[in-house]
Amino acid sequence: MQRHNTEGPGLEVTNPATGHLLTTVRAFHPEEIEPMIAAAQDALPGWSGRTAKDRARILRTWHDLMLENRAALAAIVTAESGKPLGESDGEVAYAAAFVEWFAEEGKRAYGETIPTFAAGKRVLTLREPVGVCAAITPWNFPLAMITRKAAPALAAGCTMLVKPAEATPLSALALADLAYQAGVPAAVLQIVPATDPAGVGRVFCQSPGIRKISFTGSTAVGKLLMAQSASTVKRVSMELGGNAPFIVFDDADIEQAVAGLLASKFRNAGQTCVCANRVLVQSRVHDSFLARLRERVASLQVGNGAEPGVAIGPLINGMAVAKVEKLVVGATASGAKVELGGGRHPAGPNFYAPTILTGVTADMEIAVSEIFGPVVPVIRFEAEEEAIRIANATPYGLAAYFYARDIGRVWRVLGGLEFGMVAINEGALSTEVAPFGGVKESGVGREGARQGLDEYLEIKYVLMGGLSA
Ligand code: ADP
């Protein structure tokens, strides 16, 4: 499947489950980026000048090729990111779904006519591609985080450079190879693996040739990219960190709430930006919820994600494990109690055992920062307003989850939560049909859905006069 030039020195890609070197990928230096931007600019008139239907056909073929190569893509994702094969398989379908969705949406990038303000004049809008775009993506969804940027960009008529995360360039390269096979010209979608993300990011932000930057990753890097982009007043889309509350009220269906928490918390070993980060459980159901949760979590199989039956793979690297370890040690030192797990897992140096902590308080570091690991910190609360207050007491505002049955409570809590996405009685909310994104320091803009295309379109207002006889 690999036709892309992946040979060369630079980026070593390892399997986080085994520590084995998979391959070495050619890394691009910051000085090599401007000529690539120039190539993307040269390709722009040709690509944006095609009909939307033509671009849709190519994107549709890309989608089909992804599904035809589903097993091969999933194996690459598991090898370099560590996530269990079943999840990687799901990610291929999820990633392809964005390509299909935007293949269709691109045909509906309608402008409008506006009732005129004066006789003899006509008022209308056109929607045009933003131009050359750049994307910087993370390792936790090495396919989907690219397609939900590249698919709307290409559908809108933009061209794009993508810098994948250092840990997962192989998925990006394989994805791009399929795009080329589908008919995407090489200069329209360029993958730029790099060992110097800061250097490449600076060129992306400061080059006047790039009109828009779309980033998914940490809030710290997002802020840096926004600041750097100010010099060229670039459009930005930012999908940044989260600190998702998962609230279980005393009228919740406990079995469903436990199942939802497992789905939300343990996907990718807890390494997603919408993972439940703080579990708030109302006093009356605290003990019954905990008992059921402990039972279910204890049965999760930890190991190499390539092996059948494994539900929890490794964390991405040793630093990630050290961070989780520090958070758990800090929490227990402040009075939290380990109900399950609580340390590294013998499967290997990058593994952490699924862990449940009780007696966590909202001010502990583990409830304040993104854990990005398989740890459930349980905070006990008494009143509805208290849960809303704790949930909102964070600079983040990406996803929130809650379980309740009383419809008055459902609407009160929904109205009170300051988050871009809220799942009620559901543990998984990502889909290409709905707008994904955050408020506060979790980001700017939305991905997926109708709104995801707008991020790659400019509005041109047209006034035509001199029409009176
Ligand atoms: P994480 O590694 O926790 O997902 P990061 O924000 O560090 O979060 O990484 C997300 C993406 O941002 C990766 O592609 C990474 O290479 C890139 N990145 C990291 N630091 C910078 C930077 N200073 N400028 C531009 N991109 C960066």
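# Group meeting: cavities, strands and cysteines

Let me start inside. The largest cavity is lined by Gly242, Gly270, Thr272, Cys273, Cys275, Asn277, Glu370, Ile371 and Phe372. Keep in mind that this is a predicted model. The volume of that largest cavity is about 40 Å³. By class, its lining splits into 4 nonpolar, 4 polar and 1 charged residues. How many cavities of 30 Å³ or more does a search of the whole structure find? The count is 2.

Now the open space. The largest pocket comes out at about 1,000 Å³. Its lining takes in 38 residues, and those nearest the centre are Pro138, Trp139, Gly217, Ser218 and Val221. Which elements each supply at least two residues of that lining? They are α7 (197-206), β8, α8 (219-229) and α11 (318-333). Helix α8 gives the most, with 6 residues. In chemical terms, the pocket lining holds 22 nonpolar, 10 polar and 6 charged residues.

Next, strand β10. This strand covers residues 244-248, and 5 of the 5 are buried, so the rest of the structure largely encloses β10. Look at the side chains. Ala244, Phe246 and Val248 point one way, Pro245 and Ile247 point the other way, and all are buried.

β10 has a parallel partner in β11, residues 276-282, with 5 bridges between them. Within that pairing, Phe246 has Val279 of β11 as its bridge partner. To get from β10 to β11, the chain passes through helix α9, residues 254-266, and this β-α-β crossover is right-handed. β10 also pairs in the parallel sense with β15, residues 399-403, over 3 bridges. There, Val248 stands opposite Tyr403 of β15.

Stay with the link from α9 to β11 for a moment. Ala269 is in the loop between them. Ala269 is not a glycine, yet its phi is positive, about 55 degrees. Buried or exposed? Ala269 is buried, at a relative accessible area of 2%.

Compare another loop, the one between α8 and β9, where Val233 lies. Val233 is also a residue other than glycine with a positive phi, near 45 degrees. Val233 counts as exposed, at 72% relative accessibility.

On to a sheet. Here 6 strands form an open sheet, ordered β7-β6-β5-β8-β9-β17, with mixed pairing. The edges are β7 (189-191) and β17 (443-444); each has a single partner strand, so one side of each lacks a neighbour in the sheet. Inside that order, β8 (residues 212-216) and β9 (residues 235-239) run parallel, joined by 5 bridges. Phe215 stands opposite Met238 in β9. As a reminder of the chemistry, strands of a sheet pair through backbone hydrogen bonds, either parallel or antiparallel.

Just before β17 there is a loop to note. Phe436 lies in the loop between β16 (421-424) and β17. At 5% relative accessibility, Phe436 counts as buried. Its C-alpha is 10.0 Å from that of Arg148, although the two residues are 288 apart along the chain.

For contrast, take Arg122. Arg122 sits in strand β4, residues 122-129. It is partly exposed, with a relative accessible area of 46%. The C-alpha atoms of Arg122 and Gly318 are separated by 62 Å, and these residues are 196 apart along the chain.

Last topic, the cysteines. How many disulfides does a search of the whole structure find? It finds 0. Cys133 is in no disulfide, and its nearest cysteine sulfur, in Cys158, is 3.9 Å away. Why no bond between the two? The Cys158 sulfur is 3.9 Å from that of Cys133, its closest cysteine sulfur, and that is too far for a bond. The cut-off for a disulfide is a pair of sulfur atoms within 2.5 Å. Both ends of this pair can be placed by accessibility. Cys133 is buried, at a relative accessible area of 0%. Cys158 counts as buried too, at 0% relative accessibility.

That's the tour. Questions, please.

Conventions:
Residues numbered from 1 in each chain as written. Predicted model: local features only at pLDDT ≥ 70, side-chain atom pairs only at ≥ 80, totals over all residues. Heavy atoms only, no water. Buried < 20%, exposed > 50% of the residue type's maximum accessible area, 1.4 Å probe, protein only. Helix = DSSP H or I, 4+ residues; strand = E, 2+ residues; numbered from the N terminus. Pairing = 2+ DSSP bridges. Right-handed = clockwise from strand over helix to strand, strands pointing away. 1 Å grid on protein atoms, 1.4 Å probe; cavity = no way out; pocket = protein on both sides within 12 Å on 5 of 7 lines; lining within 4 Å. Points joined across faces, edges and corners; volume = space filled by probe spheres on them. Nonpolar A, V, L, I, M, F, W, Y, C, P; charged D, E, K, R; others polar.
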